[in-house]
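Visitor: Could you walk me through this one?
Guide: Gladly, let's take a look together.

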Amino acid sequence: MVSPFDVLNIDDDADEDAIERAYRERVKRAHPDQGGSLEEFQLVRRAYRTLTEERPADGSNGDRADVGDVDLTDDDATAVGPARVEFLDYEVLVDRGWALDDDDLFVKASDADLRATDYGRLLVDPDESLLEAAESRGFTWPFSCRGGACANCAVYLAEGELSQPVNTILSEDHTEQGFRLSCNGYPVSDELKIVFNVKHVPELDELRLPPGPFRRAHSK
Ligand code: FES
């Protein structure tokens, strides 16, 4: 067992802001893209959840006695299960005049009676990339190189975390804006909201390659 305070390296009486700051710093270092592991990443997230969800209901800061430790020997505690992904096709945004940063984008999508290929949910197993999961569930999402070197498979991450082990095309600016690659993007949060097919947004337009053979074979 390890205390979530120790995982985040904060004092027992740390307040909400200090927990948030420590979490953001720690989760960055634990991220698989920054040399951490999925297990470490999940542990940090679980420590944060424990501290924010198990705090006393009276609104006090609480302390070490008020929250449960994180059991590292409990497989369920750090296990990485399938991620739930809510997806939306960028073409829907173009058709309807919606924007990627609309706060209620996914609420509007859910109310809009869209086709199952345009909007829906899918589960992504821990060893699957987002693109692999979409394809194995029968969806045809765009791609070309499958190797992190074009923007054809790009998605916009509206919520959640997607690990990006190989990326030689998207700049830091792109990732800060929320763009990721689906061909080697592995969910590292339990839930994500993504807009796929964003290769035509002006920021990514010049980074596209001609579609790969699989994509051409499935195009109408
Ligand atoms: S298909 Fe080229 S980077 Fe994903």
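Guide: One term first: a residue counts as buried if 20 or more other C-beta atoms lie within 10 Å of its own, and as exposed if 12 or fewer do. Keep in mind, too, that this is a predicted model.

Visitor: Which exposed residues does the face of α2 turned away from its buried side carry?
Guide: Start with the buried set in α2, which is Ile19, Ala22, Tyr23, Arg26, Val27 and Ala30. Because these cover an arc of only 125° around the axis, they sit on the same side of α2. The face turned away from that side carries the exposed residues Asp17, Arg24, Glu25, Lys28 and Arg29.

Visitor: How far does helix α2 reach from its first C-alpha to its last?
Guide: Helix α2 runs over residues 16–30, so 15 residues at 1.5 Å a residue give an expected 21 Å. The model comes close to that expectation, with a reach of 21 Å.

Visitor: Which helix gives the most to the largest nonpolar core?
Guide: That core has 50 residues, and those with the most contacts inside it are Leu8, Val155, Ile194, Val195 and Val198. The helix that gives the most, with six residues, spans 38–53 and is α3.

Visitor: From which domains does this core draw at least three residues each?
Guide: The core in question is the largest nonpolar one, with 50 residues. It draws at least three residues from each of domain 1 (4–78) and domain 2 (83–218).

Visitor: Which residues does valine 195 touch, not counting those up to four places away in sequence?
Guide: Val195 is among the residues with the most contacts inside the largest core. Beyond four places in sequence, its partners are Leu88, Tyr90, Leu93, Leu100, Val155, Tyr156 and Ala158.

Visitor: Is cysteine 145 buried, exposed or partly exposed?
Guide: Cysteine 145 lies in the loop between α7 (130–136) and β3 (154–159), and is in contact with Cys150 and Leu209, leaving aside neighbours within four places in sequence. It has 16 other C-beta atoms within 10 Å, a count that falls between the cut-offs of 12 and 20, so cysteine 145 is partly exposed.

Visitor: In which helix is confidence lowest?
Guide: The mean pLDDT of the chain is 81, and helix α6 (residues 105–111) has the highest confidence, at 97. Over residues 216–220, pLDDT stays under 50, and the model has two contacts beyond four places in sequence for them. The lowest confidence, a mean of 46, belongs to residues 213–218, helix α9.

Key
Residues are numbered from 1 along each chain as its sequence is written. This is a predicted model: local features need pLDDT of at least 70, side-chain atom pairs count only at pLDDT 80 or more; totals for chains, interfaces and linings use all residues. A nonpolar core is a set of buried Ala, Val, Leu, Ile, Met, Phe, Trp, Tyr and Cys residues joined through C-beta atoms within 7 Å. Helices (H or I, at least four residues) and strands (E, at least two) are DSSP runs, numbered from the N terminus. Domain bounds come from an automatic or database domain assignment. Two residues are in contact if their C-beta atoms, placed from the backbone, lie within 7 Å. pLDDT is the predictor's confidence in each residue, from 0 to 100. The arc is that of the directions from the helix axis to the C-beta atoms.
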